[in-house]
Amino acid sequence: VHGESVSAKIISRNSTKMSSDILNEKYLAFCRFGDKDNLGDMDGKVFVKLCKETGIVNKSCTTTDVDLVFARVKPKGGRKIDYNGFLQALAYLAEKRFNKTFTEQGKDAAFQKIQGLVVAHEPQSSGTVAQSVRLHDDKSQYTGVYSRGGPTNVDGKISLSNLADRSAADARGVKK
């Protein structure tokens, strides 16, 4: 029986290490989203994106709470957090997001829940696609000059000398 508890502790420690490694990978994935050269610093915008996409943000934990936690853990005068700051922020958010678990089972259980949310998600890109517009996309609907191919700037007939009347005139502009 004693051997089982020791092996259970080792398995638990290894799974915690594995989940910590996975958490670090997810942290880096979000840091590098949109900035492939990032070496592991997360700004507030990316932190809010992570919290929204992983489901940390809900009715009990709003984006305002996320911003306040980020401001609390970032270095004074700094704009970004490192991995340790990220872990501190998750601990604060675990208390806010999983308040019932935090009070009943402790901070470790709440942190495990929030860690599970982060580990289960990847950064998402949600670009928009323009809708078709009948008068813009259907060339048979074009009117005026555009129905005949549009204006041109290479007409040989129109030039500045054709547009300006350079014939002789008096001081008031009356032709002679």
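Confidence in this predicted model varies along the protein chain. The lowest mean pLDDT, 62, belongs to helix 1 (residues 2-32). The highest, 93, belongs to helix 3. Over residues 1-15 the pLDDT falls below 50. That stretch makes 0 contacts in the model beyond near neighbours in sequence. Where pLDDT is low, predicted coordinates should not be read in detail. For the protein chain as a whole, the average pLDDT is 80. A score of at least 70 is reached by 86% of the residues.

The secondary structure comprises 8 helices and 2 strands. From the N terminus, the order of elements is α-β-α-α-β-α-α-α-α-α. Contacts were also considered by sequence separation. Of those with a separation of 6 or more, 54% join residues 24 or more positions apart.

Helix 3 spans residues 63-73. Its buried residues are Asp-65, Val-66, Val-69, Phe-70 and Val-73. Viewed down the helix axis, these buried residues fall within an arc of 135°, so they line one face of helix 3. Their packing partners include two strands and two helices: strand 1 (42-43), strand 2 (80-81), helix 2 (44-54) and helix 4 (83-97). Helix 3, the element with the highest mean confidence, thus has its buried residues packed against elements on either side in the chain order.

Across the protein chain, 23% of the 176 residues are buried. The exposed surface comes to about 13100 Å². Carbon and sulfur atoms supply 53% of that area.

Methods. Residues are numbered from 1 along each chain as its sequence is written. This is a predicted model: local features need pLDDT of at least 70, side-chain atom pairs count only at pLDDT 80 or more; totals for chains, interfaces and linings use all residues. Side-chain values use heavy atoms; hydrogens and water are left out. Buried means under 20% relative accessible area, exposed over 50%, partly exposed in between (1.4 Å probe, protein chains only). Helices (H or I, at least four residues) and strands (E, at least two) are DSSP runs, numbered from the N terminus. The arc is that of the directions from the helix axis to the C-beta atoms. Contact means heavy atoms within 4.5 Å. pLDDT is the predictor's confidence in each residue, from 0 to 100. Accessible areas come from the Shrake-Rupley method with a 1.4 Å probe; for residues, only the protein chains shown count as cover.
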